[in-house]
Amino acid sequence: MNYDVTDLTSLEKLEPVRIRPGMYIGSTGSRGLHHCLWEILDNAIDEITNGFGDTAEVMLNKDGSITVRDNGRGIPTGIHPIKKKSGVEMVFTELHTGGKFNNKNYKTSGGLHGVGSSVVNALSKWMEVEVFQGGKIYRQRFEYAYDKELKKDMPGTPVTPLMEVGKTKETGTKVTFLPDSKVFSTTEFKLEIIDERLQELAFQNKGIRLVLKDIRGESETSKEYHSERGLLDFMDYLNESKTPIHKEPILFEDERKIGENNVYAEVCIQFTDSTTEYIASYVNNIPTTEAGTHETGFKTGMTRAFKDMAKKLNLMKEKDDFEGNDLREGLTAILKVKITNPIFEGQTKTKLGNNEAYTALNDLSYNCLCVWIEDNKEIAANIINNAVAAAARREKIKKINEAEKKKVGKGTAPLAGKVAVCTMRDIDSREFIIVEGDSAGGSAKMARDRRFQTIMPSKGKIMNTEKQKLENVLASEELKIFNTAIGTGVLDNYDEKELKYDKIIILSDADVDGYHIRTLWMTYIYRYMRQLIANGHLYIALPPLYKVYKSGKGGNLEKYAYSDDDLEDAKKIIGKGASIQRYKGLGEMNPDQLWDTTLNPETRILQRVTIDDAAKAEKMVSLLMGEVVEPRRNYMYKYGKF
């Protein structure tokens with residue numbers, strides 16, 4: 001086949017974004033949809049945190065569009081001397097255009113790459129921008145429309161010039177956009193996701209005012225976010241369902257210039273009686289869910305401080321020792337970093353790469369914690385004793401893991417007769433299905449496609465791992481079976497390369513006990529194999545609640561319903577004389593029905609479990625499954641009908 005210059009294609013203007021949206025926003029699902037909102041919101045927050053304005057508002061509109069407004073300076077409306085376009089048109093139609101490529105206008109920014117606004121425009125059916133500046137209101141509209149210059153339909157095409165449309169005393173920018181359903185698998189913005197994001201932003205930027213309005217329903221709802229104590233309020237929020245071992249969180253901050261970068265860091269930490277650690281980190285207001293150099297520097301500095309001061313102040317016996325993981329057991333930490341020129345991995349900005357951040361957090365954590373330990377010897381001794389005890393448990397767990405590995409090698413691992421293993425070797429096609437109860441497990445073993453589906457019957461309810469010590473969790477026979485079958489290991493020993501299945505599926509009854517079983521399994525996986533969720537391997541299978549059926553001359557008609565709304569639709573489809581069977585549990589289904597409704601990839605309904613907001617997930621797991629009762633009781637009174 002010939003390959004010459006005529007085979008080369010050059011994409012024009014914003015076409016690259018439309019052709020490969022995943023390169024710019026990560027996905028075209030719910031996460032990518034909300035990432036578009038974050039890009040516009042980040043620009044508003046950047047104005048505020050750099051000293052221009054104090055309020056940003058998000059509004060969910062009836063037509064499915066969304067609006068972000070701030071009271072900053074407003075995007076420049078003047079005509080660029082070289083481009084001969086307004087600043088507004090440049091920002092929303094040209095990649096890598098903005099005021100963040102030098103430090104003249106923005107000391108730090110979350111909207112880093114200068115591509116956010118134009119990318120959102122490219123992926124929208126339409127976008128309207130209003131600028132309030134110099135006593136005037138300016139407006140411009142963009143659509144997926146015919147481009148006169150290129151003589152074809154193009155994304156983000158200006159369909160009006162930037163026009164003066166009124167007078168005002170206000171300043172700022174208002175951006176409204178409607179995501180294109182041809183790009184996104186869902187265009188519905190989730191109120192709870194936006195709510196959590198605004199709450200975090202308020203905690204990170206004390207004193208600012210954020211507003212969320214939802215006018216999609218019959219009546220408007222509105223919520224305001226404001227924090228005067230910043231990270232201290234955030235810590236109270238995260239640890240509401242945990243028991244701190246020292247009442248006052250440890251808070252320290254510093255700003256320094258390292259090389260060409262200014263690095264500001266604020267750290268808040270609190271040790272609790274929990275058995276797990278949680279670190280929430282942010283760079284220029286962006287959640288760094290994959291961590292990076294700032295988290296590594298913090299961990300290194302904290303471990304050094306506690307080890308050095310333990311020896312200096314004789315806070316532990318000479319033979320005792322611990323590692324960083326042991327020290328961080330039960331730790332909740334919030335890292336807030338602002339850096340002039342951050343280096344992120346990819347446009348979605350989930351991991352920081354600056355060495356300056358490592359140096360700054362390492363030094364700051366070490367120096368400040370050394371002072372705190374000297375001033376709080378009794379609390380520090382308690383923390384160190386816990387770390388030493390955790391180290392002893394870690395050694396015990398290591399021996400348990402080694403023993404289990406030997407069992408696997410000898411073929412004596414606790415799998416035989418309990419797990420029906422599939423025959424296919426292609427891991428990308430294999431599914432591991434946890435089924436509630438021996439009865440349903442037996443039906444599932446008969447119903448499955450044995451080539452790629454492995455079945456593990458779960459005997460009732462596993463332990464609530466949020467309330468159990470580590471050694472008790474790892475001693476559980478049921479969880480040993482699961483761990484051995486999955487193959488990844490747990491906690492720090494987790495290795496994605498050892499994963500034996502692409503999908504881990506929880507299949508439980510659609511009743512209260514079934515939901516509890518599902519929650520117990522999700523809690524365990526979240527705490528001990530969180531990467532399974534983060535990497536998209538965990539799913540919930542939805543069993544039907546009803547079968548609607550009718551016999552007739554033309555044969556038997558049947559339709560499964562997965563909710564009460566589905567039931568009404570199914571009754572209409574089947575028609576008059578329909579009979580309804582209510583399934584009380586999976587055990588009532590025969591193998592054919594179980595295959596048709598919950599196991600067949602062509603007809604089943606699977607929900608992928610995700611961590612869209614790590615802080616929210618951490619809080620909810622602790623609240624619903626932890627030891628502290630009062631916050632859970634308050635939550636259930638408030639949301640009892642969820």
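1. Before we start, one cut-off: a residue is called buried when its relative accessible area is under 20%, and exposed when that value is over 50%. Asn285, at a relative accessible area of 5%, is therefore buried. Asn285 sits in the loop between strand 12 and strand 13. Its backbone deserves a look too: phi is positive, about 75°, although Asn285 is not a glycine. For context, most residues other than glycine have a negative phi.

2. Please keep in mind that this is a predicted model. The mean pLDDT of the chain is 86, with 89% of the residues at 70 or more. Two stretches call for care. Over residues 3-10 the pLDDT is below 50, and the stretch makes 2 contacts in the model beyond near neighbours in sequence. Residues 100-104 also have a pLDDT below 50, but here the model shows 12 contacts beyond near neighbours. Where pLDDT is low, the predicted coordinates should not be read in detail.

3. Now for the overall make-up. The chain has 642 residues, and buried residues make up 52% of them. It contains 20 helices and 22 strands. Taking the contacts between residues at least 6 apart in sequence, 69% join residues at least 24 apart.

4. A good place to begin browsing is the open sheet of 5 strands, whose order is 10-11-14-12-13 and whose pairing is mixed. Its edges are strand 10 (250-258) and strand 13 (286-287), each of which pairs on one side only. Within the sheet, strand 12 (residues 278-283) and strand 14 (residues 331-339) run parallel and are joined by 6 bridges. To find the register by eye, look for Tyr278, which stands opposite Thr332 of strand 14. The loop with Asn285 from my opening point leads out of strand 12 towards strand 13.

5. Which strands does helix 7 lie across? Helix 7 (residues 231-238) lies across strand 10, strand 11 (261-271), strand 12 and strand 14, and it runs at about 145° to strand 14. Helix 10 (residues 355-375) packs on the sheet as well, touching strand 10, strand 11 and strand 14. The direction of helix 10 makes about 140° with that of strand 10.

6. Strand 1 (residues 55-60) is mostly covered, with 5 of its 6 residues buried. It has two partners to check. With strand 8 (residues 209-214), strand 1 runs parallel and shares 6 bridges; Thr55 stands opposite Arg209 there. With strand 2 (residues 66-70), strand 1 runs antiparallel and shares 5 bridges, and Val58 stands opposite Val68. The hairpin of strand 1 and strand 2 has 5 residues between the strands, and Gly64 in it takes a positive phi near 95°.

7. Is Lys151 buried or exposed? Its relative accessibility is 62%, so Lys151 counts as exposed. The residue is found in the loop between strand 4 (136-147) and strand 5 (152-158). Lys151 is not a glycine, yet its phi is positive, at about 60°. If you are looking at backbone torsions, you could view Lys151 alongside Asn285.

8. Asp326 is one for your list of charged side chains to inspect. It lies in helix 9 (residues 324-327) and, at 4% relative accessibility, counts as buried. A polar atom of the Asp326 side chain lies 2.8 Å from the backbone nitrogen of Glu323. Leaving out residues up to four places away in sequence, Asp326 touches Ala387, Ala390, Ala391 and Arg394. Asp326 and Thr275 are 51 residues apart in sequence, with a C-alpha to C-alpha distance of 9.8 Å.

9. Finally, helix 17 (residues 564-574), where the buried residues are Leu567, Ala570 and Ile574. Why do they line one face of the helix? Seen down the axis of helix 17, the buried residues fall within an arc of 65°, so they line one face. The face turned away from that buried side carries the exposed residues Asp565 and Lys572. At the N-terminal end, Ser563 acts as a cap, with a side-chain oxygen 3.1 Å from the backbone nitrogen of Asp566. After the helix comes Gly575, whose phi is positive, near 95°.

Note on methods: Residues are numbered from 1 along each chain as its sequence is written. This is a predicted model: local features need pLDDT of at least 70, side-chain atom pairs count only at pLDDT 80 or more; totals for chains, interfaces and linings use all residues. Side-chain values use heavy atoms; hydrogens and water are left out. Two strands pair if DSSP finds at least two bridges between them. Helices (H or I, at least four residues) and strands (E, at least two) are DSSP runs, numbered from the N terminus. Contact means heavy atoms within 4.5 Å. Axes are lines fitted to C-alpha atoms, for helices over the stretch in contact, and angles run from 0 to 180 degrees between N-to-C directions. Buried means under 20% relative accessible area, exposed over 50%, partly exposed in between (1.4 Å probe, protein chains only). The arc is that of the directions from the helix axis to the C-beta atoms. A polar contact is a pair of N or O atoms within 3.5 Å; within protein, one must be able to donate a hydrogen and the other to accept it, and residues adjacent in sequence count only if both atoms are side-chain atoms. pLDDT is the predictor's confidence in each residue, from 0 to 100.
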